[in-house]
Amino acid sequence: MPTTTARSAPGATVLTTGERDVLRALGCGLGDAEIAAALALPEHAVAERIGRLLGRLGLRDRAAAIVYAFDCGLVVPGRGPRGDAAARESGDGRRPGAVPGPPLRVSVLGPLRTSLAGRPVDAGPVRQQAVLVALALNGGRSVSPRRLREDVWGEEAPDANVVPVYVYRLRKSLRLGECRDAVIRRDRYGYGLARGVAQVDAACLDDLDTRSGAAERAGELPEAVRLCGRALGLFRGEPLAGLPGPLAEAQRLRLTRRRAALAQRKAECELRLGRHAEAVAGLSALALDEPLNEPVAATLMHALRRCGRRAEALAVFDRVLLRLADDLGVAPGEALWQARRAVLRGDGPATGAGEYRPGTGRAGEGRA
């Protein structure tokens, strides 16, 4: 990994690029969640990285790290990360030593979070946030004002002028330098995010999903487990929590299913690697969040069976049986019945019915 020496730092401590990014984010006053969004890290990993960095630099707390970032020249008090002016003069939109990647980060795998050049941005009221999400999830393609109204308001769409008003406000909040239209462009087809300006965590999720599926099909199970773990680490709770509108609701359902399918794929790869206890731990947590997801319950039963925990496996079946009857008025599907029969027979470690079958490279969507 590239290393660099922090300028004027006490003792000239050599920092890696990743450590510099964390130190810069601390110097900007970002909290753990904001650092996670800015650097595309799992939130649980941020505190550990900060702790390691403080230890390396011999700093007692975050306040000392902020002062250190100022002393190093990484952050200019009152002006943010060092190099903004140079970036504007060079015209390439990149700051020397800045947090790498596109300047705008949009995180939808939890409550919406938006940051610009490493700093959190208030995207305004919830409907205005939903407009930004609609643009961000279209991957740079233009969206017509009519489509935006339908996606954000549905049948309660207001007067046509509201979309330009929200876009105008978003442009003011997301201004890059002196260019008002640097983030949100307008063409004859509608509005869209400028190419290369934004990183959306849902797109990162799609990439990791595809790569994990390819690794599984190639028999590279440890790599598939690692990639699934990275993908799952992007989630910070319910996707787009609290955002209104048909698009947000549809994406919430899609991403929730994707999360369940990724967790299931990870567990099934762990089972094939003989990591039964790890699979049980992940599936047990997922089953609590998805109590009506039959494929997840079936895979959990197989995992418990392989750990010799037959009574617990049968208890999973009974619990889902009651929930399906009480909530949906239906009986379990064939996958759950086959898992139950496998438990009663005491089958060995062969792959059981109801487990994930590789398909198109995307994690499948279990029936919920």
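**Close-up views of a four-strand sheet, a buried helix and a cavity**

**View 1. Leu-104 at the pairing of E5 and E6.** Leu-116 in strand E6 is the bridge partner of Leu-104. The model is predicted. Strand E5 covers residues 104-107, and strand E6 covers residues 113-116. Four bridges join E5 to E6, and the two strands run antiparallel. Another bridge partner pair in view is Ser-107 with Arg-113 of E6. Five residues sit between the strands of this hairpin. Gly-110 has a positive phi there, near 155 degrees.

**View 2. The two sides of E5.** Side chains alternate between the two faces of a sheet in a regular strand. Which residues of E5 point the way opposite to Leu-104 and Val-106? They are Arg-105 and Ser-107. Leu-104, Val-106, Arg-105 and Ser-107 are all buried. Both directions from E5 therefore hold buried residues, with Leu-104 and Val-106 on one and Arg-105 and Ser-107 on the other, buried being under 20% relative accessible area.

**View 3. E5 against E10.** Strand E10 spans residues 198-200. E5 pairs with E10 in the parallel sense, over three bridges. In E10, Ala-198 is the bridge partner of Leu-104. Gln-199 of E10 is the bridge partner of Arg-105. Leu-104 thus appears in two views, with Leu-116 as its partner in E6 and Ala-198 as its partner in E10.

**View 4. The whole sheet.** In what order do the four strands of this open sheet lie? The order is E7-E6-E5-E10, and the pairing is mixed. Strand E7 (119-120) and E10 are the edge strands, each pairing on one side only. Strands of a sheet pair through backbone hydrogen bonds, parallel or antiparallel. Here E5 and E10 are parallel, whereas E5 and E6 are antiparallel.

**View 5. The turn from E6 to E7.** Two bridges join E6 to E7, and these strands run antiparallel. Pro-120 in E7 is the bridge partner of Ser-115. The hairpin has two residues between its strands. Ala-117 takes a positive phi in this hairpin, near 55 degrees.

**View 6. Surroundings of Thr-114.** Thr-114 lies in strand E6. Is Thr-114 buried or exposed? Its relative accessible area is 7%, so Thr-114 is buried. Beyond four places in sequence, Thr-114 touches Leu-104 and Arg-105. Its other contacts of this kind are Arg-119, Pro-120, Val-121, Ala-123, Leu-132 and Leu-174.

**View 7. Helix H1 and Arg-24.** H1 runs over residues 17-27 and contains Arg-24. Why is H1 called largely enclosed by the rest of the structure? Nine of its eleven residues are buried. Among them are three charged side chains' residues, Glu-19, Arg-20 and Asp-21, as well as Val-22 and Leu-23. Arg-24 has a relative accessible area of 2%, so Arg-24 is buried too. The C-alpha atoms of Arg-24 and Cys-72 are separated by 9.6 Å. Along the chain, these two residues are 48 residues apart. Gly-29 follows H1 and has a positive phi, near 80 degrees.

**View 8. The second largest cavity.** Two cavities of 30 Å³ or more turn up in a search of the whole structure. The second largest holds about 30 Å³ of space. Its lining consists of Ala-130, Val-133, Asp-151, Val-152, Pro-244, Leu-247 and Ala-248. H6, helix H7 (145-153) and helix H11 (246-272) each give two or more residues to this lining.

**View 9. Confidence along the chain.** Mean pLDDT for the chain is 80, and 80% of the residues score at least 70. Where is confidence lowest and where is it highest? The lowest mean is 35, in helix H5 (residues 84-90). The highest is 95, in helix H6 (residues 126-136). Residues 1-12 stay under 50 in pLDDT, and the model has 27 contacts for them beyond four places in sequence. Residues 77-100 also stay under 50, with 40 such contacts. Predicted coordinates should not be read in detail where pLDDT is low.

**View 10. The chain overall.** The chain has 15 helices and ten strands. Of its 368 residues, 45% count as buried. Among contacts with a separation of 6 or more, 63% join residues 24 or more positions apart. The accessible surface comes to about 17500 Å². Carbon and sulfur atoms account for 51% of that surface.

Key
Residues numbered from 1 in each chain as written. Heavy atoms only, no water. Buried < 20%, exposed > 50% of the residue type's maximum accessible area, 1.4 Å probe, protein only. Pairing = 2+ DSSP bridges. pLDDT = per-residue confidence, 0-100. Contact = heavy atoms within 4.5 Å. Areas by Shrake-Rupley, 256 points an atom, 1.4 Å probe, with all protein chains shown as cover. 1 Å grid on protein atoms, 1.4 Å probe; cavity = no way out; pocket = protein on both sides within 12 Å on 5 of 7 lines; lining within 4 Å. Points joined across faces, edges and corners; volume = space filled by probe spheres on them.
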